[in-house]
Every structure is written in C-alpha cells, then in structure tokens.
Amino acid sequence: MRYILAICQLFLAVHVGFAQQTVSGKIFDQQSKEPIVGATISNLSKTKGTVSDANGWFSLVFNEGQLLINSVGYQPTVLTPAENMSISLEPVVENLQNVVITASREAALRTNAPMAISKLSARQIDEAKPTAVYEIINKTPGVLMVNLNNEQHSMAIRQPITTNAYFLYMEDGVPIRPLGVFNHNSLLEINQFTISSIEVVKGPVSSIYGAEAVGGAINFITQRPTAVPTARLGIQFDQWGYQRLQFGAGAMINKKFGFYVGGLTSRQREGWISSSDYDKSVINARLEYHFTPKTRLVSTFMAGSYNSQTSGSTDSIAFYNRQYVSTTDFTYRKSDAVRARLTLEHEWNKNAQTFVTAFHRNNKHGQNPSYSIRWTSGASTARGEINSNDFRSIGVIAQHTQRFKFLDSKLIVGTVVDFSPNDYTSYQVDLNAQLRADKKSVEKYSIAKERPDIQIANYEADIHNTGAYLQYDFEPIHKLRISGGFRYDQMAFDYVNNIDNTSGSKAYRQTTPKIGATYEVAKGMGLYANYSKGFSPPSLTAIFRKRPTAAANGDLFYYNLQPALFDNAEIGGWVSLLKNKLYLDLAYYQMKGSNELLNIRQADNSFDYQSAGKTLHRGIEFGLTYRPSAQFFFRYGGTNSVHRFEEFILSQKAADAVKNVNGKDMPSAPRWVWNTELSYYPTWFKNFRTALEWQHVDGWYQNQTNTISYEGYNVLNLRAGYKWKGVELYTNVMNLGDALYATNVSRGNNATDRSSYTPSAPRTFVVGIQYNFDGKSK
C-alpha cells in the first residue's frame with residue numbers, strides 16, 4: 001500500500017508540474033512602444049499575479065486559464081498564456097485616470113493631485129503631426145500658446161497673452177532655462193519628434209518647482225527606449241517652402257540596457273510672409289541602464305541650433321489687404337543649445353524611493369529683435385537693438401519619497417542647486433523709417449548705423465539658485481486625501497556691470513506654501529481644492545537695463561526691483577458618465593498678483609520700472625471627452641476668464657489724462673478661449689483617421705487704456721492619415737477656411753499710436769510620408 005501511495009504522489013507531482021508553466025514577456029504602450037511599468041498580470045479570478053518591472057518585463061508561474069493584463073490608463077486585455085510574450089496595450093485617451101509625473105516629480109494618479117493638470121498622450125501627439133509645438137499644446141483646456149511664426153511663441157495660462165516670466169518650461173522635469181534668464185521663445189528648441197507625452201499644470205506650482213511656475217508649468221517628457229526595436233523615418237512639407245526630415249530609432253538591447261535617439265532638420269525659404277526664412281536642427285538621445293530591477297541610470301542629451309529671420313509685425317493697411325510684407329528684412333534670432341542630464345534612481349523598498357539628477361546646459365542666444373524697434377509717430381528715424389544672452393549651467397536635483405502606513409501617508413523632500421554664469425550685451429541700432437503717405441505708420445525700416453558705442457546693457461553674472469522643498473500627503477478619512485507643502489528658494493548672483501564698472505551681489509529669497517485636498521465622492525467622481533503661492537523675481541535683463549534718467553538715489557539701473565507675488569485659490573472636480581464613455585473635469589480659480597513690474601511714464605516723458613502693480617486673474621477651465629463608439633471621439637477644452645488691473649500706474653506726468661488703469665482689463669486678455677475636435681476612425685476603412693479641429697479666441701483690448709480692441713478669431717484645422725503596413729501618409733490642412741487673422745495685435749496708449757499685427761498663415765497644406773518599423777522583442 002505504501003508503494004501505491006508513493007506512486008500516486010509521484011504521478012500527481014508530475015501532472016501538476018506539466019500543468020504549470022512559466023509565463024513571461026514584456027508589456028508596452030501600443031502607440032509609443034515604451035515599456036509599461038507596474039502593469040498587473042493575473043489569472044481571471046485575480047488570485048495569483050505579478051506586476052511588470054521598469055522595463056515592462058514580467059514572469060509568472062501559471063497553471064490555469066487565461067491571462068488578464070491591467071494598467072492604469074490602458075484597455076484591459078485577456079490573452080492565452082505563453083513564453084516570451086510581447087503584449088501591447090491600447091491607451092485610453094478619454095480616461096481621467098492618467099499617470100502623471102509633474103504634480104510631484106514622481107509617478108502618481110492624476111486624480112490624486114489637488115491641482116488642474118492635463119496630459120497630452122503619445123497618440124494625440126502622433127496624430128497631430130505638429131509642425132510647431134503650439135499645434136499640440138493648444139489642445140490643453142485653459143491654455144493658449146500663441147504662434148508668432150517660425151516656431152516663436154508667447155503663452156497664456158491663467159495670464160493674458162504675455163512674454164513675461166510667469167511660466168516654467170521643463171524637459172524631463174529639468175527647467176530649460178535657469179531662474180533669472182527666462183526667454184519666452186525657449187520652446188523653439190524642442191524636438192517635436194521625440195516627445196513621448198506633455199504634462200501641463202495650470203496655476204502656481206512654486207511649492208515644488210520654485211519661481212516662475214506661476215501661471216503654469218509645461219513638462220516635455222522625452223521618448224524612452226522602446227520595448228521592441230523601432231525605427232521611424234519621414235518627411236514633411238507645405239506649399240509655402242517649409243520642409244522637414246525627421247527620424248527616430250530605439251530598442252532594449254537586453255534586459256539591462258536600452259536607447260532611443262531621434263532628430264529633425266527643417267528649413268523654410270520664400271515663405272508666405274517676406275523675410276521669414278529659417279533653419280532648425282535638433283537631436284535628442286536617451287540611454288537607460290538597469291543595474292538591478294530596483295536601480296536605474298538614465299542619461300539624456302539634446303543639441304540643437306536655430307537661425308531665423310524674424311518678420312515681426314505689420315500695420316493695419318498691410319494686414320487687412322493681405323499684404324504679408326515684413327517691415328524689416330534685417331531682424332533675426334539665433335540660438336544654439338546643448339542640454340544633458342544623468343539621473344540615478346533607486347527603490348530602497350516598496351515604500352522608499354530616491355533619485356538624484358545632475359544636469360548641464362549651454363545656451364547661446366543672439367538677436368536683432370523686431371519687437372525692440374522704437375518709433376515715434378511721424379518720425380523718419382527709429383532705433384532698435386542687437387543683443388546676446390549666453391549662459392552655462394551645472395546643477396543637481398535630488399528627491400526622496402517615503403511612504404508610511406500611518407494614514408496611508410507619503411513624505412517628499414527634495415533640493416535643487418543650480419549654478420549658471422550668464423553674459424549679456426545689448427547696444428543700439430539707428431534705423432531709417434520709410435513712412436506711408438499719411439505718415440501715420442511705417443512701411444519699411446532699414447539700418448542706418450549700428451551703435452556699439454551706445455550700450456543698453458552689458459553685464460556678467462554668476463547666478464546661484466538654491467531651493468529646498470517638502471510635501472506631505474495623508475488620508476485622514478477614507479476617500480479624503482490632503483496634501484501640504486512648501487519650498488524655500490534663493491536666487492542670488494554676483495555681478496560685474498561693464499557700463500558703470502561696478503560689481504556686487506544681490507539675492508531674492510522666498511518661501512512658497514501650498515495646501516490642497518482631493519475627495520472621491522463616488523467611483524469615477526471627485527472634487528479637489530487648493531491654495532498656493534507663486535513668485536517670479538525680475539529677470540537680470542530688467543535689473544541691468546540702463547535707466548533713461550538716474551533714480552533719486554543716483555542708481556542708473558534697476559537694482560531695487562522686487563519679485564512679483566501671487567496668491568491662488570481654486571476648486572475643481574471630475575466625473576465619468578455613460579459607462580466611462582464621457583469624462584468631464586472643471587476648475588474655478590482666482591489668483592491675485594502684487595509687485596508686478598510697471599513701466600511708468602515720468603514727468604520728463606521718460607519711462608521708469610517699478611515693482612508696484614496689482615492684478616486679478618479669475619476664471620473657469622473645463623475639459624470634456626466623449627467616445628460613443630470606437631469610430632468617434634469628441635474633445636472640448638476651454639476657459640472663460642478675466643484678467644484685470646487692480647492698481648496699475650501708467651504715468652506721473654501731470655499733463656497726461658490717464659494716469660492709471662485701475663479696474664480695466666489687461667491687454668491681450670480674451671475672455672473666451674476654446675479648442676474642440678471631432679475625430680473619426682471608420683471601421684469600414686481600417687487604419688484611416690480624420691479629425692476636424694476648431695480653435696476659438698475671443699476679442700481682446702489692444703492697449704492698457706481699453707480704447708481699442710481686436711475682434712479675435714476662429715480657425716478650422718483638418719487632419720487625415722492612412723497607414724498601410726509600415727507606410728503612413730498624412731495631411732494637415734491648417735486654417736481650412738483661409739481666415740484672415742492675427743495671433744497678436746497690440747497698440748500703445750497714446751492717441752497717435754498705431755496697431756501692430758502679427759498675421760497668421762493663410763490656408764496651408766501640410767503633407768507627409770513616414771515609414772514606421774516595429775521589430776520583435778528578444
């Protein structure tokens with residue numbers, strides 16, 4: 001009997017051994033081919049399972065039925081188990097449960113962040129096929145990135161359309177510019193072809209990211225090494241002389257090492273507006289090495305060059321007659337940029353993670369800007385300037401996250417150190433002004449003489465930016481999560497002012513707190529609220545710009561300018577309806593600014609800067625997505641806002657009728673802005689897509705005194721594409737209705753001042769062809 005039992009046990013063991021199998025493979029995003037971290041792999045009853053690692057790999061001993069694969073933001077998938085599986089998951093673009101990084105510098109659910117944050121996915125970016133970054137950024141509810149042509153831009157996020165230093169631009173969480181050297185055109189260096197996703201935070205996030213993150217922050221997340229070998233090669237062009245060649249390739253060489261590299265080179269000649277030629281070349285690379293499943297080294301590198309004529313603005317006669325002729329043929333912008341970072345990430349255990357990032361920047365920026373031309377009505381002369389703004393940076397960002405069982409809490413502590421030597425020179429250019437017959441506007445400017453002997457600014461500064469931050473999240477009761485934190489910043493610099501041969505040092509210090517909460521009302525429905533502070537110190541170019549006349553204390557420069565301060569309060573919520581086919585999120589905010597920079601007219605007709613302005617910014621932002629079926633997808637995002645002067649002095653000259661603009665709307669502040677799109681993916685025509693987009697921008701006042709306005713604009717864009725095997729053909733018809741509109745219209749406050757218009761392109765047919773190769777995983 002003993003032998004019979006032993007034989008039976010041996011038979012059962014062998015049977016179970018044969019029934020069990022080791023299931024392994026990798027899981028990746030169907031669109032970007034990036035590995036998906038933390039995907040859950042289990043049996044259908046969810047009694048046995050595992051999760052994918054940082055490379056998307058998993059291994060599971062399995063002995064029954066089929067596999068269920070789940071990951072936040074993706075469609076669940078059921079598959080038959082096998083060895084060395086290669087599993088792609090389809091992103092759910094309409095889902096609010098996206099994983100975001102920018103809210104706290106680490107991966108977290110978007111619905112756990114008590115702030116207004118939006119994510120633009122790899123699929124949205126790929127289908128947009130953007131020639132310039134604004135074409136994709138403007139799909140974000142509450143955001144208007146203004147196209148100033150040739151990839152130049154300004155921005156409006158909880159602010160009027162502005163070039164002020166109220167927005168933080170980042171690449172993989174590292175600011176593109178150091179504090180004190182803001183440039184509103186810094187996004188023209190971005191490589192559109194290697195962006196994996198874009199996250200946009202609206203409202204102050206100074207408690208995590210420091211100064212300048214006032215109106216909002218935009219984080220461009222670059223493509224990771226792909227889980228399977230991939231390669232892309234394409235060309236793109238339009239009928240106005242724009243051409244672009246672009247490429248990208250990546251793979252995981254083995255389970256430890258992977259890479260991705262991509263770039264583009266573009267040029268424009270004889271465009272739709274005169275004096276608008278430009279060239280741009282940029283390449284990005286990313287390497288990842290996994291020492292262990294818990295320790296990873298990430299290296300990124302970017303190098304780019306940009307050289308453009310700047311056509312600038314036109315007067316009303318040329319604009320309304322569709323005479324796209326620049327008033328200048330000598331203005332330009334040149335930029336050479338190199339950025340690199342090295343990040344070491346380590347997971348001590350499931351409750352503790354640390355990363356340390358070392359970064360480097362080297363940027364040279366020179367221009368003869370059209371916006372700096374100063375002309376007095378009726379005069380046959382004018383003046384401009386040529387300037388150069390160069391900096392180099394080395395720095396470190398370090399952060400540790402610790403989770404606790406107590407109240408399901410989480411503590412984040414971090415520090416930032418940034419050393420950036422900065423050199424700036426600017427000198428006057430004398431111009432001739434060819435007037436129109438009525439002598440009320442200029443038809444053409446030309447250079448009379450460059451005047452390096454008349455210096456506007458000339459300084460050298462070593463900028464020392466340091467910051468330390470802390471954030472604590474906890475759940476005092478079920479479904480209610482509270483988040484509080486603060487950051488201390490110091491922007492200090494040692495300087496040599498070569499105009500008056502002085503040297504010295506100066507420092508700005510600020511603590512910015514934040515507190516917020518999220519509450520899950522029901523499944524798929526929640527609310528949030530927060531209060532936060534933001535600040536933005538004056539840029540060095542403002543501090544060291546020569547005064548028209550000496551101040552009362554004898555200063556020839558603006559050494560006493562103070563940081564602009566902002567208080568923001570907001571509430572919002574989200575809801576999913578119709579079995580998760582419809583998603584809606586809303587945010588209502590009020591932000592008050594103080595110490596904003598004023599340019600005040602003095603009794604002698606000169607102008608002087610002061611940090612004394614007060615403003616109010618109030619609005620509602622809303623986003624809606626609806627997918628009634630696999631064939632249709634509808635998206636709507638917009639904002640209704642008011643941006644108003646509370647206390648704002650214009651003049652201290654007794655003869656001026658208007659001395660302040662208290663209670664008036666700020667210029668370039670449209671009340672309504674929205675972007676909506678209907679996409680169609682016909683089941684009867686596989687791999688074909690088309691989408692119709694509508695961008696609406698309300699009218700706005702052109703000047704501070706609210707005496708004249710611009711009517712705003714409505715623009716339709718049509719996109720279509722078709723994939724056949726590895727080949728993709730696509731077209732974007734921008735400005736489908738051939739509307740005449742300007743993205744920027746401004747005017748001075750004087751009765752003799754005239755409006756200047758930045759026209760946008762007439763109907764443009766963008767055509768492209770791209771070859772996409774997807775290999776098999778090893």
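## Confidence of the model

pLDDT is the predictor's confidence in each residue, on a scale from 0 to 100. The structure described here is a predicted model, and the mean pLDDT of the protein is 87, with 92% of its residues reaching 70 or more. Over residues 10-18, however, the pLDDT is below 50, and this stretch has zero contacts in the model beyond near neighbours in sequence.

A further stretch, residues 602-607, also stays under a pLDDT of 50. For residues 602-607 the model nevertheless has 15 contacts beyond four places in sequence.

## Internal cavities

Rolling a probe the size of a water molecule over the atoms shows where empty space is left. The structure holds 12 cavities of 30 Å³ or more, and the largest cavity contains about 590 Å³ of space. Its lining is made up of 36 residues, of which Tyr134, Glu135, Asn147, Ser760 and Ala761 are the closest to the centre of the cavity.

Two or more residues of the lining of the largest cavity come from each of the elements α3 (134-137), β11 (143-147), β35 (688-697), β38 (713-724) and β42 (764-774). By residue class, the lining of the largest cavity consists of 17 nonpolar, 14 polar and five charged residues.

## A five-stranded open sheet

Strands of a sheet pair through backbone hydrogen bonds, either parallel or antiparallel. One open sheet in this model has five strands in the order β10-β15-β16-β13-β14, and its pairing is mixed. The edges are occupied by β10 (116-120) and β14 (174-175), each of which has a single partner strand, so one side of each is left without a neighbour in the sheet.

At the β14 edge, the pairing with β13 (residues 167-171) is antiparallel and runs over two bridges. Within this part of the sheet, Glu171 has Val174 of β14 as its bridge partner.

## The surroundings of Thr705

Thr705 lies in the loop between β36 (700-701) and β37 (709-710). Its relative accessible area is 10%, and because a residue under 20% counts as buried, Thr705 is classed as buried.

When neighbours within four places in sequence are left aside, Thr705 is in contact with Leu650, Val658, Val661, Lys664 and Asn749. Asp438 stands 267 residues from Thr705 along the chain, and the C-alpha atoms of these two residues are separated by 25 Å.

Key: Residues numbered from 1 in each chain as written. Predicted model: local features only at pLDDT ≥ 70, side-chain atom pairs only at ≥ 80, totals over all residues. Heavy atoms only, no water. 1 Å grid on protein atoms, 1.4 Å probe; cavity = no way out; pocket = protein on both sides within 12 Å on 5 of 7 lines; lining within 4 Å. Points joined across faces, edges and corners; volume = space filled by probe spheres on them. Helix = DSSP H or I, 4+ residues; strand = E, 2+ residues; numbered from the N terminus. Nonpolar A, V, L, I, M, F, W, Y, C, P; charged D, E, K, R; others polar. Pairing = 2+ DSSP bridges. Contact = heavy atoms within 4.5 Å. Buried < 20%, exposed > 50% of the residue type's maximum accessible area, 1.4 Å probe, protein only.
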